Amino acid sequence: MLVSARSFAEYRAMFALTERDLAQRVLDCPAGAASFVAEAGRRGIDAVAVDRQYAEHREELGLLVERETGFKRERLVKETADHVWSWYTDADDMIRQWTANARDFRADIAARPDRYVAGSLPELPFADDSFDLVLSSHLLFSYGNRLDGDFHRAALLELARVARHEVRVFPLMVYDTRERYPGLEPLREELADLGVPSRVERVAYEFRPGENEMLVLATAGYRTPARTAAGAAVAEDPVRWRHREAGD
Ligand SMILES: C[S@@+](CC[C@H](N)C(=O)[O-])C[C@H]1O[C@@H](n2cnc3c(N)ncnc32)[C@H](O)[C@@H]1O
């Protein structure tokens, strides 16, 4: 799996984020070397990044992205030949943008390490309802032919557990097959039965042809005993509770 480094602007487009959305406490999971949280911080947005790579690699993750994209340039040029070049001008521009984003990530993880938390789905080290809005890009559904249905269900419920209002997931297309994740509708039904209704929304971001939809989970009604039990085990991270301290 390529650790990627998308930007704040890309996140805003992928997840159709409004100013109102960004006034909330936001979790980026998995964040990889994306610069969403870095730019969010500069804008005064209360955002946290989580990724399983942060346990092993932190600042150097940005360097790894640079090396990896350079190393895979030929493959990226070939794989992206039929892509929609409205966001990047070509594969080299994509590598340039990701390199700049990864450098921004590196500087921010060094300057604000508490904003970058090591964690691995389907179990996150956050209390229930720690965030208002959770954003998840390019893991779930994207790797739908390598991560099975049980993982997807457990991961989405875990994201719902830590989200007070919404979880947004982009894209819905499996990377290798270029088809919409085949288990999406049964999974949505299962989640709805557990108190997590959802909708699919078209967004104004398309890089891979046809990959322009996000899944939105409404999480306010999700209450399970597991939610409370998992939340009780983790309470000491200082960045978790700011929206509560603010009396929100
Ligand atoms: C393709 S990157 C996407 C990064 C970012 N969202 C972006 O769009 O630039 C996928 C990320 O998922 C992380 N990852 C893979 N499995 C994970 C898991 N079980 N829990 C948390 N992160 C995971 C990888 O470390 C990698 O950084």
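In the predicted model, F36 makes contact (heavy atoms within 4.5 Å) with R6, F8, Y11, L17, L22, V26, D28, A47 and L135, residues up to four places away in sequence being left out of the count. F36 also belongs to the largest nonpolar core, a set of buried Ala, Val, Leu, Ile, Met, Phe, Trp, Tyr and Cys residues joined through side-chain atoms within 4.5 Å, where buried denotes under 20% relative accessible area, exposed over 50% and partly exposed the range in between (1.4 Å probe, protein chains only). Of the 39 residues in this core, F15, F36, Y54, Y116, L135 and Y205 touch the most other members. Two or more residues each are given by α1, α3, β2, α4, α6, β4 and β7, with helices (H or I, at least four residues) and strands (E, at least two) taken as DSSP runs numbered from the N terminus. The largest share, 6 residues, comes from α6. A second, separate core of 34 residues includes V50, Y181, L187 and L217.

Salt bridges, defined by a side-chain nitrogen of Lys or Arg within 4 Å of a carboxyl oxygen of Asp or Glu, number 27. In one of them, R164 pairs with D132 at an N to O distance of 2.6 Å; R164 lies in strand β5 and D132 in strand β4, so the pair ties together parts 32 residues apart in sequence. D132 is buried, at 3% relative accessible area. Salt bridges with shared partners join D21, E166, R168, R199 and E201 into one network.

Residues are numbered from 1 along each chain as its sequence is written. Local features need pLDDT of at least 70 and side-chain atom pairs count only at pLDDT 80 or more, whereas totals for chains, interfaces and linings use all residues, and side-chain values use heavy atoms, without hydrogens and water.
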